[in-house]
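Reader: I am new to reading protein models, and I would like to go through this one slowly, with each term explained as we meet it. Could you show me the sequence and the structure before we start?

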Amino acid sequence: IVFAGTVHDAQHDFSSAIDSWVATQTPTNLMINIFSLSVTQNFLDSAGFHGMDESLTNNQTIDPTFNAKVKRAKKALEQTVWPTEINTEAQALIVTLGLFSNSLAANNVTEATTLGGKVHDEQHDVSVLIDAWLSTH
């Protein structure tokens with residue numbers, strides 16, 4: 001159990017170090033990375049937006065675990081260097097994720113339900129665009 005706590009602390013330190021490093025990067029030293037884009041797509045596709053959308057629509061209650069997942073997805077998208085062909089849709093999804101996160105934090109079920117559906121749709125659209133872009137690069 002002691003080791004698990006050490007690993008947990010190290011994971012948080014590592015995540016913080018990555019955030020700090022990313023903040024120092026400029027557009028001139030960031031390049032589109034196919035692996036990074038693939039990882040971002042996998043992260044988005046497995047974030048659970050479909051389940052969130054269904055849960056909010058069917059149950060009209062906010063699961064307290066949703067916001068942490070939404071914030072992580074938003075962070076991953078913000079740290080991804082997007083190809084020009086996908087950037088507009090990716091930036092729109094980032095904005096929608098922020099609004100969704102705010103509605104979840106405010107426990108606004110009506111707004112969260114609407115935005116959950118929008119995030120779900122936009123995530124699918126961005127994933128399809130990533131597939132198309134990756135198929136040509």
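Reader: Is K118 buried, partly exposed or exposed?

Author: This is a predicted model, in which local features need pLDDT of at least 70 and side-chain atom pairs count only at pLDDT 80 or more, while totals for chains, interfaces and linings use all residues. Residues are numbered from 1 along each chain as its sequence is written, and side-chain values use heavy atoms, with hydrogens and water left out. Buried means under 20% relative accessible area, exposed means over 50%, and partly exposed lies in between, using a 1.4 Å probe and protein chains only. Because K118 has a relative accessibility of 42%, K118 counts as partly exposed.

Reader: Which residue meets the side chain of K118 in a salt bridge?

Author: A salt bridge is a side-chain nitrogen of Lys or Arg within 4 Å of a carboxyl oxygen of Asp or Glu. The partner of K118 sits four residues away in helix α6 (residues 109-135), so about one helical turn separates the two; helices here are DSSP runs of H or I with at least four residues, and strands are runs of E with at least two, numbered from the N terminus. With 16% relative accessible area this partner is buried, and the N to O distance is 3.9 Å, the residue being E122.

Reader: How far apart are the closest N and O atoms of K74 and E78?

Author: K74 and E78 are four residues apart in helix α4 (residues 66-78), which means that about one helical turn lies between them. K74 is partly exposed at 23% relative accessibility, and E78 is partly exposed as well, at 42%. The two form a salt bridge, and their closest N and O atoms are separated by 2.5 Å.

Reader: Which residues does S55 touch, leaving aside those up to four places away in sequence?

Author: S55 has its place in helix α3 (residues 49-59), and because its relative accessible area is 19%, S55 is buried. A contact means heavy atoms within 4.5 Å. Once residues up to four places away in sequence are set aside, S55 touches Q60 and F66.

Reader: What percentage of the residues in the protein is buried?

Author: Read along the sequence, the protein follows the pattern α-α-α-α-α-α, with six helices and zero strands. Among contacts with a separation of 6 or more, 74% join residues 24 or more positions apart. Of the 137 residues in the protein, the buried ones make up 34%.
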